[in-house]
Amino acid sequence: MTCILQLGPLSERFNRTLAAEHEVLPIWQADAEALLAEHAQRIEVVVTSARFGCSAALIERLPRLRAICSFGVGYDSIDVAAARACGIPVSNTPDVLNDCVADLAFGLLIDCARQMSRADRFVRDGNWGRAQLPLGHRVSGKRLGILGLGRIGAAIARRSSGFEMQVRYHNRRPLAGCDYVYEASLHELARWSDFLIVACPGGENTRNLVDRPVMDALGSQGVLINVSRGSVIDEPALVSALQDGRLGGAGLDVYVHEPQVPPALLEMPNVVLLPHIGSATEETRLAMEELLFDNLRSFLERGEMLTAV
Ligand code: NAP
């Protein structure tokens, strides 16, 4: 039995299966310091998630650590450099969540343009027949900019064809053989776009990439959608762009200090707020769990991660 340090709870099903196969130390159920003082020398694998992360300090405290298996695709909360320096592989769960995150991004886009959440509140509040809901905006045929045309970004782009949208994208470098127009400048992409969807990774390299000039370029009719990480958008600048009417609207699944949402956003009718549910479907969460287990088993049996970051 492998001694596994689990940094946070996943589904009941996952926790049960992991505990049936291994000796699991659930750190959130214990006094973390006492648990590490007693067991740090024996821990061979850390199981974590994009939400719970894994710090360099923790990696340094585990002399027998051999692998880190993470649930989720983003690994900005895991100190991968520190793990690599110790020769410790890190796995994540890419691809299996592309469709659900892309579906959600498109749902946010349509909701922002057609005011579905706002209209739902309008009906529930008894305003139908008594007040007038302002007109929304058309989605079909519009210009869609994608920041981060990777696995999820490409799935978002594919969905746009059903809406006959034009697509352009910005990555650090153009994709070979890609039919969509590449914009070397994010600012120019925002200027061109009606909708800008953020689908690049979080972390230091992308912190505040979507800043005030980018939001101003997107403009008073433009809509910003974020399904990547809160850190990619300058959140105070987003709040003031929306307050000033320099940005038309926003659809957000992720925030800088989750689960906190900037209070000003709660009052805005042109903003749709979701609680980080990009991958949160029964089907996708099961596939993510299975991929984590596949990585763990593959590593323990053959020393190989299937989807190493
Ligand atoms: P991916 O396949 O690695 O794609 C990331 C894309 O971003 C690549 O096209 C990359 O292109 C681009 N990129 C990276 N750094 C950039 C930079 N500094 N400037 C411009 N573009 C940059 O990743 P993925 O699997 O699609 O996932 C993307 C992110 O989605 C994850 O990292 C995670 O944070 C987020 N996510 C969120 C949820 C949710 O629940 N909301 C769920 C899953 C994932 P270049 O390398 O050429 O720049």
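Two residues are in contact when heavy atoms of theirs lie within 4.5 Å. With that in mind, take S279, in the loop between β12 (271-273) and α12 (282-302). Leaving aside residues up to four places away in sequence, S279 touches L97, V101, T284, R285 and M288. The model that shows these contacts is predicted.

What is the overall make-up of the chain? The chain has 12 helices and 12 strands. A compact globule of 309 residues would have a radius of gyration near 19 Å, and the chain has 21 Å, so the two agree. Taken along the principal axes, the C-alpha atoms fill a box of roughly 65 × 50 × 30 Å. Of the 309 residues, 49% count as buried. The surface that the chain exposes comes to about 15100 Å², and carbon and sulfur atoms supply 50% of that area.

Contacts can also be sorted by how far apart the two residues are in sequence. Among the contacts with a separation of 6 or more, 58% are between residues 24 or more positions apart. The charges can be treated as two groups. The chain has 30 positive and 37 negative charges, and the mean positions of the two groups are 4 Å apart.

The strands can be followed sheet by sheet. One open sheet has five strands in the order β2-β1-β3-β4-β5, with parallel pairing. Its edge strands are β2 (23-26) and β5 (90-91), each of which pairs on one side only.

Strand β1 (residues 3-6) can be read residue by residue. On one side, β1 runs parallel to β3 (residues 45-49) and is joined to β3 by three bridges. β1 also pairs with β2, again in the parallel sense, over four bridges. Which residues stand opposite Q6? In β3, V47 stands opposite Q6, and in β2 the residue opposite Q6 is P26.

In a regular strand the side chains alternate between the two faces of the sheet. In β1, C3 and L5 are on one side, while I4 and Q6 are on the other. These four residues are all buried, and both faces of β1 are covered.

The other open sheet to follow has seven strands in the order β8-β7-β6-β9-β10-β11-β12, with parallel pairing. At its edges are β8 (181-182) and β12, and each pairs on one side only. β7 (residues 166-170) and β8 run parallel and are joined by two bridges. One residue of this pairing is R168, whose bridge partner in β8 is V181.

The loops hold some details of the backbone. Most residues other than glycine have a negative phi, and most peptide bonds are trans. Where does the chain depart from this? A cis peptide bond joins E258 and P259, with omega about 10°. P259 lies in the loop between β11 (249-252) and α11 (263-266).

D95 is not a glycine, yet its phi is positive, at about 70°. D95 is placed in the loop between β5 and α5 (98-114). Its relative accessibility is 46%, so D95 counts as partly exposed; that class lies between the 20% and 50% limits.

Q115 is another residue other than glycine with a positive phi, here near 60°. Q115 sits in the loop between α5 and α6 (116-124). Is Q115 buried or exposed? Q115 is buried, because its relative accessible area is 11% and buried means under 20%.

T206 is a further loop residue, placed between β9 (195-198) and α9 (212-218). T206 has a relative accessible area of 11% and therefore counts as buried. Not counting residues up to four places away in sequence, T206 touches C200, P201, S231 and V232.

The walk can end where it began, at S279. At 12% relative accessibility, S279 counts as buried. How far is S279 from R191 in sequence and in space? The two are 88 residues apart in sequence, and their C-alpha atoms are 30 Å apart.

Methods: Residues numbered from 1 in each chain as written. Predicted model: local features only at pLDDT ≥ 70, side-chain atom pairs only at ≥ 80, totals over all residues. Heavy atoms only, no water. Rg over C-alpha atoms; globule rule 2.2 N^0.38 Å. Buried < 20%, exposed > 50% of the residue type's maximum accessible area, 1.4 Å probe, protein only. Areas by Shrake-Rupley, 256 points an atom, 1.4 Å probe, with all protein chains shown as cover. Lys, Arg positive; Asp, Glu negative; His and termini not counted. Charge placed at Lys NZ, Arg CZ, Asp CG, Glu CD. Pairing = 2+ DSSP bridges.
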